[in-house]
Amino acid sequence: MPRPLPIILLGLTALLSGCAHLRTSKTHYAGTASMLAKGDYSSAISKIEAAKEKSYTHKDRVVYYLDTGMLYHWNGQYEKSNEQLEKAERAIEENFTKSISRSASSLILNDNARAYAGEDYEDIYLNAFKALNYLALGKNDSAFVEVRRINQKLTQLEDKYDNVAQKLNEAEEAHEEFAPGKNYFQESALGRYLSMLLYRNEDRWDDVRIDLEKISKGWKLQPDIYTFNEPDFSASTDQVYPPEARLNVIAFSGLGPEKKASSFYVFTEENLIVLAGTQEDYLGKQELNGLSAIPWPGVKAGYNFKFQLPKMLKHPSQVNRIDAEIESVGTSSLQRLESLENAAVETFGIRKPLIYMKTLTRAVVKGLATQTATEQATDNMDSGLAFFTRLATTALVNRTENADLRISRFFPADASIREIHLPEGLYNIRIKYYDLAGKLLFTDERNGVSIKAGKLNVLESAYLN
């Protein structure tokens, strides 16, 4: 006996209203970009903290810890930043461990419904910012621990996803083989640079040499990450004697990448699925972006449904040059050391084949099951009601297929450095950020900066536009 149309639609509407946890919400970030560009970090903190209960559920706690940990860092609240980044690191490890153990049994679960385990670049660079926090707090031994964690995580990166792929291949629904992408990120210049500064402060010159060699190795073996010239480190190994001192300026600029959704539409033929991909054009509309066919034994012809995949997009930064202007000393241009955004895209590439195959498998299994059930439910309906029921059911299923777009919004895109040798004393320093045309974008003014001979003097600056 077919059920009346209003009841079916009412049920579908109720189901749709419960789909919010299957989508990534970004509305709470509105306005934060302009706050960061002005250096108004306290307002950005207030906005994010106010959104804690509504916009960050328990499954999103890693994003909340990363967002607040980074904002507290930029605001100079180093202990608070470390508390949040420490919570983020523990939650990332815990969520990732759970995700491996449940990989096979939860293959068809939407990624948005899972606890977020962080992007690898977030997991790696949070240790760099914890190290900078400890340096600012004068806790060099703790900073050492953090830079070592960066190297450990980079070493384990490939094995990490081999284990995930192995578990996914054990799933009953697995149709094609799961395999991760290749890891090409094995040395972080920022991590090695912080390590070098710490070793040099302890006169461990052999370790200084090793870190500088590792940085050069990164430039040779990771051309997709280090797409710019290697900095000149000759001043790093110069001997400097009191009252001469070293000042190491580290400036961060731009904002880390964001995730956007790409939609794919699945059409089935006998033992074959055909994928039609779309991408956003410059007006924000979806346009067709090619077709591909995948053999899928057992599938029947005539079904269609959609799914989404996340893609990582960089934020274009206006910053082209950064100068350190020191009163009574002179002006020095900084050199680009690390592209955190390139590293983000590179490490996302390791996981991307797994996301693609997992999402495709889930979409096909769920789409076929739903359409088969709908056919059975509409067998006895009149043609008009059956049509609207199929339409509404397809719409509901499509609404539940949303890409997981979660990512922290407050990591920088780039890190630049400069080592300056100068007599110890108090200095007024301005870090100036310029665009490609030479227009001054932002000045970070620091007065009365104390530079001490024989000590590690790190001056950190940021312009997150």
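Here a visitor and a guide talk through a predicted model.

Visitor: Welcome me in gently, please: how many helices and strands does the chain have, and how much of it counts as buried?

Guide: Happy to! The secondary structure comes to 12 helices and 12 strands. The chain has 465 residues, and 52% of them count as buried. Among contacts with a separation of 6 or more, 77% join residues 24 or more positions apart.

Visitor: Let me try one residue. What makes Ile48 a buried residue?

Guide: Its relative accessible area is 0%, and buried means under 20%, so Ile48 is called buried. You will find Ile48 in helix α3, residues 41-50.

Visitor: Which residues is Ile48 in contact with, leaving aside its neighbours within four places in sequence?

Guide: With those neighbours set aside, Ile48 is in contact with His28, Tyr29, Thr32, Tyr56, Asp67, Thr68, Leu71 and Phe410. Take His28: 20 residues separate it from Ile48 in sequence, while their C-alpha atoms are 7.0 Å apart in space.

Visitor: Why is Glu419 called buried or exposed?

Guide: Glu419 has a relative accessible area of 12%. The cut-off for buried is under 20%, so Glu419 counts as buried. Glu419 sits in strand β9, residues 414-423. Leaving aside neighbours within four places in sequence, its contacts are Arg200, Ala235, Ser236, Arg246, Leu247 and Asn248. Glu419 and Asn457 are 38 residues apart in sequence, with 9.9 Å between their C-alpha atoms.

Visitor: On to the helices. How do you know that the span of α6 is close to the expected one?

Guide: Helix α6 covers residues 78-101, 24 residues in total. From first C-alpha to last, α6 reaches 35 Å, close to the 34 Å expected at 1.5 Å a residue. The buried residues of α6 include Leu85, Ile92, Phe96 and Ile100. Against α5, α7 and α8 is where the buried residues of α6 pack.

Visitor: What makes α7 largely enclosed by the rest of the structure?

Guide: Of its 17 residues, 16 are buried, so α7 is largely enclosed by the rest of the structure. From its first C-alpha to its last, α7 reaches 25 Å, close to the 24 Å expected. After α7 comes Gly138, with a positive phi near 75 degrees.

Visitor: How do you know whether α5 and α7 are roughly parallel or antiparallel?

Guide: The two helices pack at an angle of about 30 degrees, with axes 11 Å apart. Angles under 35 degrees count as roughly parallel, so α5 and α7 are roughly parallel to each other. Their crossing is left-handed. In this contact, Leu66, Met70, His73 and Trp74 of α5 meet Glu122, Leu126, Phe129, Leu132 and Asn133 of α7. Those residues divide into six nonpolar, two polar and one charged.

Visitor: And why is α9 called roughly parallel or antiparallel to α10?

Guide: The axes of α9 (residues 189-201) and α10 (residues 205-221) come within 8 Å and cross at roughly 165 degrees. Angles over 145 degrees count as roughly antiparallel, so that is the name for α9 and α10. Here too, α9 passes α10 in a left-handed crossing. The residues that meet include Tyr193, Met196 and Tyr199 in α9, and Trp205, Leu212 and Trp219 in α10. By kind, the residues of this contact are nine nonpolar, one polar and five charged.

Visitor: What makes Asp203 worth pointing out in terms of phi?

Guide: Most residues other than glycine have a negative phi. Asp203 is not a glycine, yet its phi is positive, about 60 degrees. Asp203 lies in the loop between α9 and α10. Its relative accessible area is 57%, and exposed means over 50%, so Asp203 is exposed.

Visitor: Where is Ser328 found, and why is it called buried or exposed?

Guide: Ser328 is in the loop between β6 and β7. With a relative accessible area of 76%, set against the cut-off of over 50%, Ser328 is therefore exposed. Its phi is positive too, near 70 degrees, in a residue other than glycine.

Visitor: One last stop: what is the omega of the peptide bond from Pro242 to Pro243?

Guide: Omega is near 10 degrees there, and the bond is cis. Most peptide bonds are trans. Look for Pro243 in the loop between α10 and β1.

Technical notes: Residues numbered from 1 in each chain as written. Predicted model: local features only at pLDDT ≥ 70, side-chain atom pairs only at ≥ 80, totals over all residues. Heavy atoms only, no water. Axes fitted to C-alpha atoms, helices over the stretch in contact; angles between N-to-C directions. Helix = DSSP H or I, 4+ residues; strand = E, 2+ residues; numbered from the N terminus. Parallel < 35°, antiparallel > 145°, perpendicular 65-115°, else oblique. Left-handed = near helix turned anticlockwise from the far one by under 90°. Contact = heavy atoms within 4.5 Å. Nonpolar A, V, L, I, M, F, W, Y, C, P; charged D, E, K, R; others polar. Expected span 1.5 Å × (residues − 1). Buried < 20%, exposed > 50% of the residue type's maximum accessible area, 1.4 Å probe, protein only.
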